[in-house]
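Please find below a colleague's note, set out as numbered points, on the contacts between chains, the salt bridges and one sheet. It is meant to be read with the sequence and the coordinates open alongside.

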Amino acid sequence: MALLEIEDLRVEYRTLRGAVTALPGFSLTIGEGESVGLVGESGCGKTTLLMAMLRHLGPAGVITGGAIRFEGRDLAHASEADLAKVRGSRIAIVYQEPASALNPTMTIGAQLAEVPMQHQRLPRAAALARAAEVLADVHMPDPRAALSRYPHQLSGGQKQRVVIAMALLANPALLLLDEPTTGLDVTVEAAVIDLIGELRAKYRTALLYISHNLGLIARVADRVGVMYAGELVEEATAVEIFAAPRHPYTRGLLAAIPRPGASKETAALLPIPGTVPSLAHRPPGCGFAPRCAHFSPGLCDAGPVAMAGTEGHRVRCLRWAEVTAAPAPPSFHRAAPPTAALLESRDLCKIYRLPAGALKANDGLDFAALKGEVLAIVGESGSGKSTFARILTGLETATSGSLRFAGAEIANRTVHRRSAGEVAAIQMVFQNPDGTLNPSHAVGWALGRAVRKLGGLRDRAKIAARVEELLALVRLPASARHSRPRQLSGGQKQRIAIARAFAGQPEILVADEPVSALDVSVQAAVVNLLLAIQAERGSTMVLISHDLGLVRYLADHVVVMYLGRVMEAGPSAAIFAPPYHPYTEALLSAAPLPDPTHKPRRIRLEGEIPSPLNPPAGCRFASRCPRKLGTVCELTPPPLRETADGHLIFCHIPLERLRAVTPVFAPEMVEP
Amino acid sequence: MKPPFPARSAADAAAGAVARAAEQIDRPSPSLLARLPSSRIAMAGLCLILFWVLVALLAPVLPLPSPTAQDYLAMGHPGPSAAHLLGVDTLGRDTLARIVWGARIVLLVAPVSVVAAYAVGCAMGLLAGYCGGWVDLLISRLADIILAFPVVVLYVILIASVGASALNIVVAVILSSAPAISRIVRGITLGIVRKDFVAAAHLRRESALHIMLIEILPNCRGPLITDFCLRLGYTTIMIGTLGFLGLGIPPPAPDWGGMVQEATPMLIVFPLMALFPALALISLVLGFNLLADGLNELAQKD
Amino acid sequence: MVGLLLRRGAALLLTLVAASFLVFALTQFSPANVARETLGAYALPEQVHILSEKLHLQDPLVVRYVRWAEVLLGLRADPLDDPALGLHIHDPRGARYFGNFGYSTLFHEPVNDIIWSRLANTAVLAGIAFAVIVPLSMLLGILAGMRPGSRLDRVLSILSITMTSMPEYALGVILAAIFAVWLKVLPGTSPLAKGTGWPLASQFLLPVAVLALYDSGYVARMVRASMIEVLGKPYIRTALLKGLPRRRVILRHALRNAMITPFTVILLQINWLIGGVVVTETVFAYPGFGRMLLQASLFGDIALIEAATLVALFVAVVTQLLSDVGYWLLDPEARG
């Protein structure tokens, strides 16, 4: 029986410049206790849908048609009083950013108690007791004490637990989850997902899970809908949609992310051309038509496309039956022959002296990067990977230790004390596309300045010519030089940033989470571009990332860091197969894969990452390690265990026992 | 029933999609100034300001008596008359002419002093925010000390001890406004210094001066536009206040605040004499404030 | 909390010292002035010269500042009090005591005999004005900020902008013209003296109105902006989508957060009022601190200026301390 039936819901935003349609006609059914996942990129109307369901669209948003049937009411036309009875009581939301979803000046207890006080008319004391119960259910450490805390006193993961507790307090029939783990670390994300699964069983709540992360949806949803430009373009069971996608967009999304276990030598990523259309510029007919390889003029752009397909697997495409899955294109990338080390880090340390104590951001880093390879540094927040990038690029100096680039010591020299050649040789691509370009200057200015300072050109005509070359290098038209950053999409900005880094002749390109802020469909284009340029120029890439799929795909060598120390290092293939460092094992098992049939061994880390101001004395990972041997781990720094193929593991557990675990991934997924 | 499709190779199809989805670069959204007409409040303010600017520009060609010429005959009946549309002041000088010529003074002194205060304030704020450390401490403490003074008290002491002149008014505005501007600029700078494009500039070995002036300063523009308008209005009030307290532009120059002061003792007998210059001042300040409010509202809509 | 108070207290003391030095440097720009002001306009140049010598006015500025500070702290006798100078200056409290601000050349009395009664008068005026400003501006700001863009918001916003666009002397003149000259219902001046024919209370109405109207507009706009900002925060959405009624969301969730920024602004109005009274008191001939400061400045009465600024700064600085403490109490994040 259907719990929620959304039928032909139409939502518009009325602005000064006219009305734009956010949802042109959305239909979705959720059964009691069912878990439905909605996948969509930014701007596809996910959040509008959630807010429309609770009629919280702001002054500009209007529901202009359709119905939202829920427990015998039509929420699209219900009175404010009826809505208030549903909100927070029958339908509750878990928000994307828990830090801003909580009121900073009210205690957790007061905020939680409001729910039973409002909906069950409980007195304050009883409401607080109930809040403590639910906090215990979400595994909040010391729930009684947490009631009197303020939000800023909790970690990100704990705040999300509080938000989940708040949503569950009234025992709702339907829980809406709006990107609930975005911004959390991988291991924390996995714990939150597990928690939601556990609570779902206990509270018998239906879930509507909204995310851009295909892997996450594959892990949590029974049934999956794919949204594009405000419409549902495909809907089927999770297994079906990931195994046999029908809509060209769904297929594109799956081809744009690295398949589990795939690497750059085995398969190329297939980007979807173009960008998600803005609401104001919706194409006539199929919304995906301008980016679709199977577009047929006169047909796809003729008028609105209805849902078709078969029972249980519906698809909004006129040509779904004829289009066949394109075979994964072969990779153009060949493994480079091993070369000499270009960058060598020896016992590199960076200590920040803070009022609260000494923060060891980097503590004895030892590793090397070969010429022309991709070295990935993996770790969660606080691991010190970004600090290393700052030292390498010369934005900061190390406290002690050595970092040699092409034989020259650079650890103790900032950019201003490096030679012009050294500065141009080490460049960086930053994480956030919105902050990477100066909004006050045109693209041509930014590139021209880089050409002048890094490429050493002085002549105006030569600079202009070089800027055009750089734009062509990143597949952008020469006219883009007149654009301001705010006119560009995230992917375009990131490509400009790559062009800027290649203005000189960089021998090392530091890429700090280069695609994590981009939509899935444009990530592939940027990854391909980075790889192509890096291979063509023979530069070394130092990739900093928490995305293990991407790392597996891109990296030749991997370094796993935790709290400023290296846990494990070695060739990429070796890192992703046993023997694992227990931390790497946990990371791998936490990483969501776009394959609902893949049930990784569950290895969950307890507690929070310790404060880097006060790390454990022995192994840094001891306080959370599921395989901890005993006090030896807490007190003695772990020995180095080394295998024949250059795979290094810092752990007290002997290699044989580290090797004797089942792989997190099935062997066929690891071996090409 | 499916319509027939022309057979096309996969490569053709892909190329077609790429061509259709070819790099769309959005057209620029119109700048703040271009959107100004959409705010009625801002336009009302702009009209008031432009009215006074026009009046000030046209002062020499308008058919008015000299602002310093005394009409002794009119002194007996200083109210509005055919010869003096807004009447005359206690010395028999034409009020309308003095208001019109006074607009020239206020519209010159206020913008010049605010621009000068901005130059000093931006420099202080950029240095404090960019350099941090003891430079920041020094500049911020200095700003705190000056901002601790009640503004009018600061003006009165300053002008009373160095003497009233247009130049000294400019200096007083710089002294009192620059610390406040520096605080705003410092705050914005602290936010921008952390941005990646500044790190990218460091990675090009740009000089500190380049980073402050070329990378950071242009991005302060947005928040500062509103403050600039508000400060113009506020400075106009201040100049008038000084005039009213007898510390303004020295007579016989027509100064709106001074005109109110001279007419105040006659308020019981000839209230209009003080009202006209007061209304002139209010309308100009209102113009600046309305424009600031409209700009602020437009900026928030982004 | 204690640490915060100590830190801020030390910073504020530093501010007082630095600012008083600044004022000292400004007013004693040319040392000869001091002797001339002391002796009056008819003194011969020789007399001025002799007095300058006796008072060591040729010493460097810093030395003279330290001497002045020593007199203030009671570590040194006021040199002007020396009968040998023949200035007939006498302070009944003695020549050497803590808080000795010196001798006013304008009023021919010790500063301490003049300043405190004026300050009390001003405190009454500013206190009433403050008591009007706070509720009025909060009401205007909250009502306008609750539904931004609504008709009520438009009306209240334009009203507030217009109020802030009226300088006190212009507003004073307009109100006096309307209520004192044409309607004749209120006195045009407020000398606080009996025998003017107006009851004492009525003498406060116009000055308070001038101070409150001008300032409330400004504060109301701050409150409105803060209210709008807070209502746009995600936690307000959280509260609404919990099913709480809108009124409760505004009272419990929005108001407290929306008051954090304006709280500081409101306390700063005390600082502003000290300056604001200069103009208002002058318009209405009110015997207060502000008018005294203006008279002293125009006359060049250095001891009185110096004392008045120090008092004004002290009030300003204590207000700042209060706003720090208030912020600390209002915002849990500041408490850590």
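**Notes on interfaces, salt bridges and a sheet**

1. Taking the interface of chain A and chain C as the starting point, 25 residues of chain A are in contact with 21 residues of chain C. The model is a predicted one, and the values that follow should be read with that in mind. The area buried between chain A and chain C comes to about 2,200 Å², and carbon and sulfur atoms give 56% of that area.

2. Polar pairing across the interface of chain A and chain C amounts to 11 residue pairs in polar contact, with both residues at pLDDT 80 or more. On the side of chain A that touches chain C, the elements giving two or more residues are helix H3 (98-101) and helix H4 (108-119) of chain A. Of the contributions to this side of chain A, that of H4(A) is the most, at six residues.

3. Across the interface of chain A and chain C, three salt bridges are found. A salt bridge between the side chains of Arg252(C) and Glu114(A) can be inspected directly, with an N to O distance of 3.6 Å.

4. How many salt bridges does a search of the whole structure find? Over all chains the number is 49, and the next points take up some individual pairs together with their exposure.

5. Within chain A, the side chains of Glu235(A) and Arg223(A) form a salt bridge for which the N to O distance is 2.2 Å. Because Glu235(A) belongs to strand E10 (residues 231-237) of chain A and Arg223(A) to strand E9 (residues 223-228) of chain A, the pair ties together parts that are 12 residues apart in sequence. Glu235(A) and Arg223(A) are both buried.

6. Arg14(A) and Glu12(A) also meet through their side chains in a salt bridge, at 3.7 Å from N to O. Are these two partners buried or exposed? Arg14(A) has a relative accessible area of 46% and is therefore partly exposed, while Glu12(A), at 14% relative accessibility, counts as buried because the cut-off for that class is under 20%.

7. Between chain C and chain B, the side chains of Arg154(C) and Glu297(B) meet in a salt bridge of 3.3 Å, taken from N to O. This pair crosses between chains, running from helix H6 (residues 151-164) of chain C, which holds Arg154(C), to helix H10 (residues 271-301) of chain B, which holds Glu297(B). Arg154(C) is partly exposed at 35% relative accessibility, and Glu297(B), with a relative accessible area of 23%, is likewise partly exposed. A network of salt bridges that share partners joins Arg449(A), Lys453(A), Arg204(B), Glu206(B) and Glu215(B).

8. Turning to the sheet in chain A, four strands form an open sheet with antiparallel pairing, in the order E14-E13-E16-E17. Its edges are strand E14 (357-370) and strand E17 (408-409) of chain A, each of which pairs on one side only. Strand E16 (residues 400-405) of chain A runs antiparallel to E17(A) and is joined to it by two bridges; the bridge partner of Arg404(A) in E17(A) is Glu409(A).

9. Where does helix H12 (residues 385-393) of chain A lie? This helix lies across strand E13 (341-354), E14 and E16 of chain A, and H12 runs at about 115° to E13(A).

Terms used
Residues numbered from 1 in each chain as written. Chains lettered and ligands numbered in written order. Predicted model: local features only at pLDDT ≥ 70, side-chain atom pairs only at ≥ 80, totals over all residues. Heavy atoms only, no water. Salt bridge = Lys/Arg side-chain N within 4 Å of Asp/Glu carboxyl O. Buried < 20%, exposed > 50% of the residue type's maximum accessible area, 1.4 Å probe, protein only. Pairing = 2+ DSSP bridges. Contact = heavy atoms within 4.5 Å. Axes fitted to C-alpha atoms, helices over the stretch in contact; angles between N-to-C directions. Buried area = accessible area lost by both parts, 1.4 Å probe. Polar contact = N/O pair within 3.5 Å; in protein donor to acceptor, adjacent residues only side chain to side chain.
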